[in-house]
Amino acid sequence: MGVPPKTTSLRYGDQQPEDMEPKQIKEGYLVKKGTVLNSWKVVWVVLSEDGVEFFKRKTDDASKGMIPLKGAVLTSPCQDFSKRTFVFKLRTAKNQDHYFQASHLEERESWVKDIKRVITCLQGDRKFTRKSTRRSIRLPDTINLSELYILMRDQEDGVKELKLEKEKRVYNHCFTGGTVVDWLISKDKARNRHEALMLATGLLTEGFLQPAGDMSKEAVEGGAESAVLDDPDALYYFADSGFFCEGYSSDEDVILKEEFRGNIIKQGCLLKQGHRRKNWNVRKFILRDDPAYIHYYDPTKVDENPLGSIHLRGSVITAVEFVPEAKRYDVEGNLFEIITSDDTHYFLQATTPEERKEWIKAIHTVSKTGK
């Protein structure tokens, strides 16, 4: 089975003969909404100088479809799906809509930036060249919610995440609606509290902020004039934070929630081998530092509960060249293995050698430092 050519060592902006294939610019896993059915599925996406091509699997020769980018319009953030975050939409010149979902904010912004550059170059009949990303984040006249969210998540100067107790429940990694309003005004992002609430509501609608308690959830469902409440009892959290809520219940619940207490160190999609059938599926992985856990999810689902978790304390992480009992289709290259302290083996595949190296380094560090 053939493998699509990789994008390593590309030099953007090089001139090519007209009869050569369009140059590939970017590739990776994304979740795509079906054009006929409403199901969302993981696809391997390749961005070239004239369009976006998507494959059922990374190793497939034939693509499932091609989206021409000449005359296309990209919308990000896309607010068409209230329960899905990090979605962007491509509308072709023939008014066909295609929806893609990234696994986290930085991944979506990377795809959006490159696709916009391709569209701009096609409009001016120019070759794609990658611009420098060294620029300060400054909100334009039309508010960019993605950039505003990045500012709010800043560890030093952003909105502070706290552990708060309300009605016999403890909310970790959260903040109040009033805190968001105060921060927006203090950073000159809003002139008054009413304007700040409008901005906060936009962040909530897009999915950057999530309601954490009963009061904030009722407001979102239409029980209040504003979706975000300027109230010390209305709690919210960042969509990609380590938020969890625990009540005074059993010891088992406390132990389970403890897994999610750590800070997120790294996240993204990897190919994972199943333990029973030995088949391979794309999973979204979130690595947390203390306690040392990596959780994996079905990237097509909205459900916040993970499919499984790996306790990394005392684990061994190594690069491997092959996987025993590999089935369904051949998996080659960029493989690595996690062997836990209880001798459970997990086999994973990154998309590039660089990505494999980054994951191994991050997991190794967490396994040594986290409890």
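**Entry: helix α3**

I began with helix α3 and listed its buried residues, which are G177, G178, V180, V181, W183 and L184. For my notes, buried means under 20% relative accessible area, exposed means over 50%, and partly exposed lies in between, using a 1.4 Å probe and protein chains only. I took helices (H or I, at least four residues) and strands (E, at least two) as DSSP runs, numbered from the N terminus. I then asked what the buried residues of α3 pack against. I found α2, β9, α4 and β11 (235-238). I count a contact when heavy atoms are within 4.5 Å.

**A reminder to myself**

This is a predicted model, where local features need pLDDT of at least 70 and side-chain atom pairs count only at pLDDT 80 or more, while totals for chains, interfaces and linings use all residues. Residues are numbered from 1 along each chain as its sequence is written, and side-chain values use heavy atoms, with hydrogens and water left out.

**Entry: just past α3**

I looked at what follows α3 and met D188, whose phi is positive, near 60°. D188 sits in the loop between α3 (177-186) and α4. I also checked whether D188 is buried or exposed. At 70% relative accessibility, D188 is exposed.

**Entry: another positive phi**

H173 caught my eye too, with a positive phi of about 60° although this residue is not a glycine. I placed H173 in strand β9 (residues 169-176). H173 is buried, at 16% relative accessible area. I noted both residues because most residues other than glycine have a negative phi.

**Entry: α2 against α4**

How do the axes of α2 and α4 cross? I read that helix α2 (residues 145-152) and helix α4 (residues 193-206) have axes that come within 11 Å and cross at roughly 100°. So α2 is roughly perpendicular to α4. My axes are lines fitted to C-alpha atoms, for helices over the stretch in contact, with angles running from 0 to 180 degrees between N-to-C directions. Angles under 35 degrees count as roughly parallel, over 145 as roughly antiparallel, 65 to 115 as roughly perpendicular and the rest as oblique.

From α2, I noted L145, L148, Y149 and M152 meeting L199, G202, L203 and E206 of α4. The residues of this contact of α2 with α4 divide into six nonpolar, one polar and one charged. I counted Ala, Val, Leu, Ile, Met, Phe, Trp, Tyr, Cys and Pro as nonpolar, Asp, Glu, Lys and Arg as charged, and the others, Gly among them, as polar.

**Entry: α1 against α2**

Next I turned to helix α1 (residues 105-123), whose axis comes within 12 Å of that of α2, with a crossing of roughly 145°. On the α1 side I found L105, R108 and E109, and on the α2 side S146, Y149 and I150. I sorted the residues of this contact of α1 with α2 into three nonpolar, one polar and two charged.

**Entry: cis peptide bonds**

I looked for cis bonds because most peptide bonds are trans. One cis peptide bond joins S76 and P77, with omega about 0°. P77 lies in the loop between β5 (73-75) and β6 (87-91). Another cis bond runs from D290 to P291, with omega near 10°. I found P291 in the loop between β14 (280-288) and β15 (293-297).

**Entry: cysteines**

How many disulfides are there? Taking a disulfide as a pair of cysteine sulfur atoms within 2.5 Å, I get zero. C121 is buried, with a relative accessible area of 2%, and C269 is buried at 10%.
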